[in-house]
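Me: Please take a close look at one helix pair in the model below. A connected account would be welcome.
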Amino acid sequence: MTDRGDGPIGSLPEHLLVEILTRLPTHEWVQISCVSKHWASMFRGEYLWQTAIARKWPSAGFRKRWPGPIPRGSARRRFQALYVSENLVPSGGEIDELVGHTYLYLKEQLERLAVPPSSILHGTIIDQFIACGRTGEKAHELASNIWIAVIDNLEENQQTFMLLKHLAQEGDFFLPFPYSRSYKVLWRVFDKLFTDFRDCFSGADYHEALAGAKSRFQPVPSSWIGH
C-alpha cells in the first residue's frame with residue numbers, strides 16, 4: 001500500500017475519485033481500498049458510502065430515521081443494509097433498509113460467543129417492525145424471512161454447527177403471536193443440521209437431535225434420516 005494512488009488518477013480531487021470508484025463493481029471494493037492509504041481512508045469515511053447510496057438507491061436518502069432498538073448507523077452500515085435487502089432477504093422486490101439492518105443485527109448476535117436466547121432476539125425484531133408501523137402478521141413474516149436468510153448465509157464451520165444445535169434444543173416458548181417462534185425457521189434449523197452438518201454429529205447427538213425433530217414435525221423428510 002502506498003501513500004497515494006500511482007499514475008495520474010492518484011492526483012485527482014477526492015470527489016472525482018469517489019465518482020470513479022463508486023462506479024466500479026462492488027465486489028472489487030475491498031481490493032481497490034488496498035491500492036493506497038488515501039483510497040483506504042476514503043473507504044473508511046462517510047462521503048464515499050453516501051455517494052454510493054445516492055447512486056444505487058436514490059430514494060434511500062429521503063427516508064426518515066425510525067424508532068426502535070435497531071439503529072440506522074453509518075453510511076457504510078446503511079449501504080450494507082440496502083445491499084442485504086436487495087440481494088439476500090426476499091421482500092417481494094421491494095428494497096427495505098430496515099430489513100437489511102435487522103438482518104445485520106441478527107447475524108451479529110448469532111455470531112457472538114454467548115448467543116442471547118432466540119426468543120429475546122425474535123422479540124426485539126418484532127418490536128422493531130411494529131414500532132415502524134408494521135402489523136403483527138407482517139412483522140412475523142419479515143422476521144421469519146430474516147431468520148432464514150441469516151441461517152442460510154452463516155459460514156459452514158464448527159461454530160455454526162454448535163449454534164444450530166443450540167437453536168434446535170431450545171425449549172418451545174409459548175408466547176402470543178407474533179412473538180411465538182416460527183416453525184418455518186425451526187424447520188430450516190433442523191434441515192441445515194441434517195443436510196449440511198450431518199457428519200459433525202456423534203451417533204448419540206444425532207439420535208437426540210432427530211428425536212427432537214420428530215417431536216415437532218411429522219413426518220420428517222427421509223433426507224434427515226440416516227447417520
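Is the crossing of α7 and α8 left-handed or right-handed?

Reply: The crossing of α7 and α8 is right-handed (near helix turned clockwise from the far one by less than a right angle). This is a predicted model, in which local features need pLDDT of at least 70 and side-chain atom pairs pLDDT 80 or more, while totals for chains, interfaces and linings use all residues. Residues are numbered from 1 along each chain, and side-chain values use heavy atoms, without hydrogens or water.

The axes of α7 and α8 (DSSP H or I runs of at least four residues; lines fitted to C-alpha atoms over the stretch in contact, angles 0 to 180 degrees between N-to-C directions) come within 9 Å and cross at roughly 130°. The two helices are therefore oblique to each other (neither under 35, over 145, nor 65 to 115 degrees). On the α7 side, Ser118, Leu121, His122, Ile125, Ile126, Phe129 and Ile130 make the contact (heavy atoms within 4.5 Å). Their partners on α8 are Ala139, His140, Leu142, Ala143, Ile146 and Trp147. By class, this contact of α7 with α8 holds 10 nonpolar, 3 polar and no charged residues (Asp, Glu, Lys and Arg are charged; Ala, Val, Leu, Ile, Met, Phe, Trp, Tyr, Cys and Pro nonpolar; the others polar).

The pair also borders the largest cavity (1 Å grid points where a 1.4 Å probe fits but cannot get out; lining atoms within 4 Å): α7 (118-131), α8 (136-152) and α10 (183-195) each supply at least two lining residues. Among the residues lining this cavity are Ser118, His122, Ala143 and Trp147, which also take part in the contact of α7 with α8. The lining of the largest cavity has 6 nonpolar, 5 polar and 1 charged residues.

Key. 1 Å grid on protein atoms, 1.4 Å probe; cavity = no way out; pocket = protein on both sides within 12 Å on 5 of 7 lines; lining within 4 Å.
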